[in-house]
Amino acid sequence: MKIAILASEGAPYVKSGGLGDVMEALPSALARRAGNEVVLLLPYYKRIIDNPAYETQLVAKLQVDLGWRQQYTGIHRLKNRADGVQVYFIDNLYYFGARPGAIYGDWDDGERFAYFSKACLEALLQLNFIPDVMQCNDWQTALVPVFLKARYSARFPKTRCMFTIHNIEYQGWADSYFFDDVLALPEDYRQRLEMSGRVNCMKAAIETADLITTVSNTYAKELMYPYYAHGMDSVLSGNAGKLTGITNGIDINTFNPETDPALPAHYNAETFAEGKALCKAALQKEVGLPVQADVPLMVMVTRLAGHKGLDLLCHIAHRLLQEENCQLLILGTGEAHFERFFLDLQKEFPKQAAAKITFDLALASRIYAGGDIYLMPSKSEPCGLSQMNAMRYGTVPVVHATGGLKDTVPPVNENGEGGLGFTFQSYNADDFLYALKRCLHLYSGSNGKFRALQRKCMEQDFSWDKPAGQYMELFHKMCR
Ligand code: GLC
């Protein structure tokens, strides 16, 4: 099958969050399946152009119309990727190549990604790669199914389009002039793009794509409710027949405690007791906490954003550190008031709390390995990947039972049996604290039960094999 995957980020070239990780591992897992030919299209951001590790060759130049505009487009083929995925970067200096800084957040993001979506279709034609399936991700590529149906159906007569929602919060809103001025779509599409008097790219994709997926089963169900859907509940329930949840995997080669180059010691499910102890001591030293083998180290790697459940943690942090002999380490950047809170906490409890306000992938790995307990109290979580990273490194998760957290962390009982981690059902600080205390209690029980749970976490298969198979099933279904 010929598959084209389109996204606004993909590791290792460019990544701002979980989408980037998925766009590294999913194409690769699909390309491993016999008979598939996979191309991945990404914008040619400045940081990719400037990175000498990524050698490319300009294979075509063309002009892309966007309303009254005509924009240069260069197609750059990545030369050095070993896994069979063919990566193409879409080059336009004005939209991507000459903009320093973050990849999102410019005033004209709508136009930038409308351009990217259309340029991808033109690029595939130019490359003479007419896919059976296009797989598009989040609002930045939400206009692909729309352009495909409205303007390109004669040239892609059999191509089907899947739209995948990684996070419903970001929908691609634009003012209504955008429809004519930038998109210049036929009049009968106006309704599909319109929402509350403005243009909403995600809504258009939900209505137009052949199938819709999201990144866990539970999130697919949650999206039917206003509490989770950020205004998109009725649009989604009107299209519920097209929606499926497929739980993400993680890249088990990148996240492998036996080989991860960031770790001071390596281990597997047999040798983890010793290996993790070495990693824990080194980590405590690195972040300035007392090196104490028997004190449980609770860790969190996260964007410091409200929906990650930090308000719950802030609410209970003092009580937790006063009442329990434990350590807390947090890594991440984000909202200033959270950054300040954790830096203050570190000052107040220098022997128990550490805050690293930075984005550091290697330190993140050392935290997954050196921690005992991983906290993820997200208010909502489409899938979440770091709880799986943590489990793969033998760190026991304590999570709010929502979205992908509910699907990947089945609850254990007081003895640490029957599941993979400690969970709490309602989004409430006391319930979170109680779940943490149950976990700490299991840890200090020193009767081997905590270790048994760690081993079980490490033995799980979080690879992309199964989800890639589920994507393939849906691809075949669309093409029938
Ligand atoms: C988004 C979601 C996260 C998910 C990731 C990859 O970042 O917030 O839950 O794991 O996308 O699908």
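Author: Before we start, a cavity here is a set of grid points where a 1.4 Å probe fits but cannot get out. Keep in mind too that this is a predicted model.

Reader: Okay, how many cavities of 30 Å³ or more does the structure hold?

Author: A space goes into this count if a 1.4 Å probe fits but cannot get out, and if its volume is 30 Å³ or more. On that basis, the number of cavities in the structure is 2.

Reader: Which helix gives the largest share of the lining of the largest cavity?

Author: That cavity holds about 70 Å³ of space. Its lining includes Asp21, Val22 and Ala25, along with Gly249, Ile250, Asp251, Phe255, Leu385, Asn389 and Trp464. By class, that's 6 nonpolar, 2 polar and 2 charged residues. The largest share, 3 residues, comes from residues 18-31, which form helix α1.

Reader: And the second largest cavity: how many charged residues are in its lining?

Author: There's about 60 Å³ of space in that one. Among its lining residues are Asn167, Glu169, His230, His307 and Glu381. The classes come out as 4 nonpolar and 4 polar, with the number of charged residues being 2.

Reader: Let's turn to the pockets. Which element gives the most residues to the lining of the second largest pocket?

Author: About 430 Å³ of space lies in this pocket, and 24 residues line it, with Lys280, Ala293, Asp372, Tyr443 and Arg451 nearest its centre. The elements that give two or more residues are α12 (272-287), α18 (429-444) and α19 (449-459). With 7 residues, the one that gives the most is α12.

Reader: How many charged residues does the lining of that pocket have?

Author: Lys280, Asp372 and Arg451 are among the residues nearest its centre. Taking the lining as a whole, 9 residues are nonpolar and 9 are polar, and the charged ones come to 6.

Reader: On to the sheets. In the open sheet of 9 strands, which strands stand at the edges?

Author: The strand order is β3-β4-β5-β2-β1-β6-β7-β11-β12, with mixed pairing. An edge strand has a single partner, so one side of it is left without a neighbour in the sheet. The twist averages 25° from one strand to the next. The two strands at the edges are β3 and β12 (243-245).

Reader: Which residue in β7 stands opposite Cys136?

Author: Strands β6 (residues 133-137) and β7 (residues 160-165) pair in the parallel sense over 5 bridges. Cys136 has its opposite number in β7, and that residue is Phe163.

Reader: What angle does the direction of α4 make with that of β3?

Author: Helix α4 (residues 109-126) packs on the sheet and touches β1 (2-6), β2 (37-43), β3, β4, β5 and β6. Against the direction of β3, the angle is about 115°.

Reader: Now the open sheet of 3 strands. What is the bridge partner of Met195 in β10?

Author: This sheet runs in the order β8-β10-β9, with antiparallel pairing, and its edge strands are β8 (173-174) and β9 (194-195). β9 pairs with β10 (residues 198-200) over 2 bridges. The partner of Met195 in β10 is Arg198.

Reader: Why does the pair Lys79 and Glu55 tie together parts of the chain that are apart in sequence?

Author: Of the salt bridges, which number 23 in the count, one joins Lys79 to Glu55, with the closest N and O atoms 3.6 Å apart. Lys79 lies in the loop between β4 (69-78) and β5 (86-91), while Glu55 lies in the loop between α2 (46-49) and β3 (56-66), so the sequence separation of the parts they tie together is 24 residues.

Reader: Which residue does a cis peptide bond join to Ala11?

Author: Most peptide bonds are trans. Here, though, omega is about 0° at the bond that follows Ala11. The partner's place is in the loop between β1 and α1, and its name is Pro12.

Reader: Last one: what is the phi of Asn128?

Author: Most residues other than glycine have a negative phi. Asn128 lies in the loop between α4 and β6. Although Asn128 is not a glycine, its phi is positive, at about 55°.

Notes:
Residues are numbered from 1 along each chain as its sequence is written. This is a predicted model: local features need pLDDT of at least 70, side-chain atom pairs count only at pLDDT 80 or more; totals for chains, interfaces and linings use all residues. Side-chain values use heavy atoms; hydrogens and water are left out. On a 1 Å grid over the protein atoms alone, a cavity is a set of points where a 1.4 Å probe fits but cannot get out, and a pocket is an open set with protein on both sides within 12 Å along at least five of seven lines; lining residues have an atom within 4 Å of a point. Grid points are joined across faces, edges and corners, and a volume is the space filled by probe spheres set on the points. Helices (H or I, at least four residues) and strands (E, at least two) are DSSP runs, numbered from the N terminus. Ala, Val, Leu, Ile, Met, Phe, Trp, Tyr, Cys and Pro count as nonpolar, Asp, Glu, Lys and Arg as charged, and the others, Gly among them, as polar. Two strands pair if DSSP finds at least two bridges between them. A salt bridge is a side-chain nitrogen of Lys or Arg within 4 Å of a carboxyl oxygen of Asp or Glu. Axes are lines fitted to C-alpha atoms, for helices over the stretch in contact, and angles run from 0 to 180 degrees between N-to-C directions. Contact means heavy atoms within 4.5 Å.
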